[in-house]
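Student: I should like to study this protein by question and answer. May we begin with the terms that are needed?

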Amino acid sequence: MHWIRFVIVVFFAMLLQAGPVDVIAITDAQITPNLLLILLAFCVTQFHPSDAIVCAFVLGLCTDIVTVVVGPHTLAFGTLGTLVSELRRFIVLRNALGQAVVTLILGIGTALLVIPLSRIKGEPLHPSLLLEPLYSALLAPLFSFILPWTMGLQRRRASSDPL
């Protein structure tokens, strides 16, 4: 795991999520993709489970920092990221379609956990919380080609890995 690269990519994703990603918002509800969710799906499908779990909690904390509600995303990203990372031992999810499916599942699962936790805290929620995972899943295949290069995971294992 290249932790310095991970930190740089996460910082860049946070900066984009905090503002410029609004440029690609769709509909009047201002639905934007969640770049940190896409990064979570990539990490839990590509990294060793112990590294993926750390990444999941860090990305959850970063999502809490760039959103209105502070707290629920750390728990949701960490819990669901750990679950998917462990399931990855049985299901191959490394291709672009797998990234989209994992992003959608993680996004919907995260939203279903964040909604009640946010209501307990009395925090307002963005009305597009359940549509955001769909938009993110549509963009995930694009990132599945960019992120391996960015994170230093070029396909060196071509002879040993049939994927």
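Tutor: A residue is called buried under 20% relative accessible area, exposed over 50%, and partly exposed in between, with a 1.4 Å probe and protein chains only. Helices (H or I, at least four residues) and strands (E, at least two) are DSSP runs, numbered from the N terminus. This is a predicted model, in which local features need pLDDT of at least 70, side-chain atom pairs count only at pLDDT 80 or more, and totals for chains, interfaces and linings use all residues. Residues are numbered from 1 along each chain as its sequence is written, and side-chain values use heavy atoms, with hydrogens and water left out.

Student: Against which helices do the buried residues of α4 pack?

Tutor: The buried residues of α4 include Pro-72, Phe-77, Leu-80 and Val-84. Contact means heavy atoms within 4.5 Å. The buried residues of α4 pack against α2 (35–46), α3 (49–66) and α5 (96–121).

Student: Which helix supplies the largest share of the largest nonpolar core?

Tutor: A nonpolar core is a set of buried Ala, Val, Leu, Ile, Met, Phe, Trp, Tyr and Cys residues joined through side-chain atoms within 4.5 Å. The largest one has 31 residues, and Leu-39, Leu-40 and Met-151 are among those with the most contacts inside it. Its largest share, 10 residues, comes from α2.

Student: Why is Cys-55 not bonded to Cys-43?

Tutor: A disulfide is a pair of cysteine sulfur atoms within 2.5 Å. The closest cysteine sulfur to that of Cys-55 belongs to Cys-43, and the bond is absent because the distance is too far, at 4.2 Å.
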